Amino acid sequence: MSKIQAAILDDYQHVARSLVDAREIPENVEVTVFHDHLDDEEALAERLQRFEIVCVMRERTPFRRGLLERLPDLRLLVTSGMRNASIDMAAARERGVTVCGTPSVGGPTAELAWGLIIGLLRHIPREDRATREGRWQETVGGGLMGKTLGVAGLGKLGARVARVGLAFDMEVIAWSQNLTDERCREIGVTRVSKEELLSRSDVLTIHLVLSDRTRGLFGAAELRTMKPTAVLINTSRGPIVDEKALVDALERGSIAGAGLDVYDTEPLPLDHPLRRCDNTVVTPHLGYVEEANYGAYFDGYLAAIIGYLDGSPVNVVKA
């Protein structure tokens, strides 16, 4: 009897085999792990032809209608986390593909945001490199106490970041389209207009969900409103910030710097200008790449597969 074929995509760090207990994989399932990333839809469709089950890591590989239509054997698509904007849910439903999610851990992205903030302001990557190369104290860093932290989006992640800002004795202000005074009082921060957020923030950190309403929300006009000494941090999704306008602002010095974990195209192309900007700290979308979070994701993959085989899917994504 032939086995059900399952794929795990984009295992960049080669960790899937160590995080999925092979003894718990049903005997009638054969799992193939792919470590490379394919952008080309035709190549991807050819690779995935034989798979009934595909597990994806966040939005690394989008599943749009065109790809789904080329995968007639696909029946279960499992995404890490319970939301994935890169999956065409309507097309999946039309084709009878069940989409399931996994549990996740709430804090890693907020923690990384603070790593980017402090790394950027204190020039940690540059000083680390200089120290290894025999140079000593090349920069004078900026501090946090008494500065203004602007938080765009005060959901779970934004609130975590805001509370750390308060612990650093920063003034914390916040804005989003639907933010209320009640929510701000709950966290202990001040609600401001978008204009005030931009003009007052010494550190502006973005924690919004990418949608039609937030795509390109921070463009050239918004960046011009920021202080020339301010820095922008984005650990949410790249397209929320107009990437071309951001590169221009960084190259002209109209803002002091940026700490970025997300980009329009991922992995970041080798010739991308952000790789050349020396007033940035850039990381390869590490916000969710954390041991406990990965453990929750891969346990969730296994639970979704077992639920599907039992005819009782778990963590079904509805939207």
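This passage walks through the sheets, pockets and a few single residues of a predicted model.

We can start with the sheet built from the early strands. Five strands, written 5 in the count, make up an open sheet ordered E2-E1-E3-E4-E5, and their pairing is parallel. At the edges sit strand E2 (29–33) and strand E5 (98–100), each of which pairs on one side only. On average, neighbouring strands of this sheet are turned by 20° against each other, direction ignored. Further in, strand E3 (residues 53–56) runs parallel to strand E4 (residues 76–79), and the two pair over 4 bridges. Val54 has Leu77 of E4 as its bridge partner. A helix from much further along the numbering covers these strands: helix H12 (residues 291–309) lies across strand E1 (4–8) as well as E2, E3, E4 and E5. With E4, helix H12 makes an angle of about 160°.

The other sheet has 7 strands. It is open too, with the order E8-E7-E6-E9-E10-E11-E12 and parallel pairing. Strand E8 (190–191) and E12 each have a single partner strand, so each has one side left without a neighbour in the sheet. Strand E6 (residues 148–152) and E7 run parallel and are joined by 5 bridges; here Val151 stands opposite Ala174 in E7. H5 packs on this sheet, where its contacts are with E6, E9, strand E10 (231–234), E11 and E12. The direction of H5 makes about 150° with that of E10.

Next come the pockets. The largest pocket has a volume of about 1,600 Å³. Its lining takes in 50 residues, and those nearest the centre are Arg58, Glu59, Arg83, Ser236 and Arg237. Sorted by class, that lining has 23 polar, 14 nonpolar and 13 charged residues. Helix H5 (108–121), helix H7 (156–167) and H12 each supply at least two residues of the lining of the largest pocket, with the largest share, 3 residues, coming from H7. H12 and H5 thus turn up again here: H12 lies across the strands of the E2-to-E5 sheet, H5 packs on the sheet that holds E6 and E9, and both contribute to the lining of the largest pocket.

The second largest pocket has a volume of about 550 Å³. Of its 27 lining residues, Leu120, His123, Asp278, Asn279 and Thr280 are the closest to the centre. The elements giving two or more residues to this lining are H5, helix H6 (124–132) and strand E12 (280–282). By class, the lining of the second largest pocket has 12 nonpolar, 10 polar and 5 charged residues. H5 supplies at least two lining residues to the largest pocket and two or more to the second largest pocket.

Several loop residues are worth a look. Ser86 lies in the loop between E4 and helix H4 (89–94). Ser86 counts as buried because its relative accessibility is 4%, and buried means under 20%. Leaving aside residues up to four places away in sequence, Ser86 touches Arg58, Glu59, Thr61, Pro62, Phe63 and Arg64. Arg58 and Glu59 are also among the residues nearest the centre of the largest pocket.

Gly219 is in the loop between strand E9 (203–206) and helix H10 (220–225). At 6% relative accessibility, Gly219 is buried as well. Beyond residues up to four places away in sequence, Gly219 touches Asp242 and Ala245. Gly219 and Asp242 are 23 residues apart in sequence, yet their C-alpha atoms are 4.9 Å apart in space.

Finally, some backbone details. Glu266 and Pro267 are joined by a cis peptide bond, with omega about -5°. Pro267 belongs to the loop between strand E11 (257–260) and E12. Positive phi values turn up at two residues that are not glycine: His14, with phi near 55°, and Asp169, with phi about 60°. His14 is in the loop between E1 and helix H1 (16–19), and counts as exposed because its relative accessible area is 53%. Asp169 is in the loop between H7 and strand E7 (171–175).

Notes:
Residues numbered from 1 in each chain as written. Predicted model: local features only at pLDDT ≥ 70, side-chain atom pairs only at ≥ 80, totals over all residues. Heavy atoms only, no water. Buried < 20%, exposed > 50% of the residue type's maximum accessible area, 1.4 Å probe, protein only. Contact = heavy atoms within 4.5 Å. Pairing = 2+ DSSP bridges. Axes fitted to C-alpha atoms, helices over the stretch in contact; angles between N-to-C directions. 1 Å grid on protein atoms, 1.4 Å probe; cavity = no way out; pocket = protein on both sides within 12 Å on 5 of 7 lines; lining within 4 Å. Points joined across faces, edges and corners; volume = space filled by probe spheres on them. Nonpolar A, V, L, I, M, F, W, Y, C, P; charged D, E, K, R; others polar.
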